[in-house]
Amino acid sequence: MAQNIVGGLFGQTTQDVYDNYAAQDRANAIALMNSPTKNQMGIFYGSQIGSGLGRAAAGLLGAEDPRLQQAKQIEQVKQWIAQSGIDINSPEGLAQAAQYAQSIGATEGAMYLGQQAQTMSKSAAEEKLKEAQAYAAIKK
């Protein structure tokens, strides 16, 4: 369960983002191969070179794809959880992870972890209530 919570933190890892870039490039290449004209080939190669240079220039200038930035935050939160040794199978551990995620600017992940902590706390409280009611019924 803990891996599902952390794995679902934001969605994609950095490798997933890079894989999406490659898949998009492959899809463009396949589309070109289906109807290659000189004009389309020029447009394709121009766009491929332009997008690659654009990503490189943006990286040099400090700009980053929001998906990649989010994926890096996921990895940072996962590393922190592993190093801190907190128990993310408990509402308290999830709340600590949410606080850490918030501290590094991963607001979506912090909200998700906070919601999971609340859900887990609510489930535990409901279970305790049922146990108390069952115990009270037995005593009668």
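Six helices and zero strands: that is the secondary structure of this chain. Keep in mind as you look around that the model is predicted. Reading from the N terminus, the elements run α-α-α-α-α-α. Of the 140 residues in the chain, 24% are buried. If you take the contacts between residues at least 6 apart in sequence, 64% of them join residues at least 24 apart.

Let's start with helices α4 and α5. α4 covers residues 66-84, and α5 covers residues 91-103. The axes of these two helices, α4 and α5, lie 10 Å apart and meet at an angle of about 135°. That angle makes α4 oblique to α5, because it falls short of the cut-off for roughly antiparallel, which is over 145 degrees. The crossing of α4 past α5 is right-handed. On the α4 side, the residues making the contact are Q76, V77, W80 and I81, and they meet Q96, A97, Y100 and A101 of α5. Sort the residues of this α4 and α5 contact by class and you get six nonpolar, two polar and no charged.

Now for the loop that links α4 to α5, where you'll find S90. Is S90 buried or exposed? With 15% relative accessibility, S90 counts as buried, because the cut-off for buried is under 20%. Its side chain has a partner too: the S90 side chain reaches the backbone nitrogen of G93 at 3.0 Å.

Next, follow the chain on from α5 to α6, the helix made of residues 107-139. The axes of α5 and α6 come within 8 Å and cross at roughly 165°. So α5 is roughly antiparallel to α6. Here α5 passes α6 in a left-handed crossing, whereas the crossing of α4 past α5 was right-handed. From α5, the contact draws on P91, L94, A95, A97, A98, A101 and Q102. From α6, the contact takes in T107, G109, A110, L113, G114, Q116, A117, M120 and S121. By class, that contact of α5 with α6 comes to ten nonpolar, six polar and no charged residues.

One residue is worth a stop before you go: A101, which sits in helix α5. You've met A101 in the contact with α4, and A101 turned up in the contact with α6 as well. How much relative accessible area does A101 have? The value is 0%, so A101 is buried. Which residues does A101 touch, once you leave aside its neighbours within four places in sequence? They are V77, A106, G109, A110 and L113. Among these, V77 belongs to the α4 side of the α4 and α5 contact, while G109, A110 and L113 are α6 residues in the α5 and α6 contact. Finally, look at A101 together with I74: the pair is 27 residues apart in sequence, and the C-alpha to C-alpha distance is 8.5 Å.

Definitions and conventions. Residues numbered from 1 in each chain as written. Predicted model: local features only at pLDDT ≥ 70, side-chain atom pairs only at ≥ 80, totals over all residues. Heavy atoms only, no water. Axes fitted to C-alpha atoms, helices over the stretch in contact; angles between N-to-C directions. Helix = DSSP H or I, 4+ residues; strand = E, 2+ residues; numbered from the N terminus. Parallel < 35°, antiparallel > 145°, perpendicular 65-115°, else oblique. Left-handed = near helix turned anticlockwise from the far one by under 90°. Contact = heavy atoms within 4.5 Å. Nonpolar A, V, L, I, M, F, W, Y, C, P; charged D, E, K, R; others polar. Buried < 20%, exposed > 50% of the residue type's maximum accessible area, 1.4 Å probe, protein only. Polar contact = N/O pair within 3.5 Å; in protein donor to acceptor, adjacent residues only side chain to side chain.
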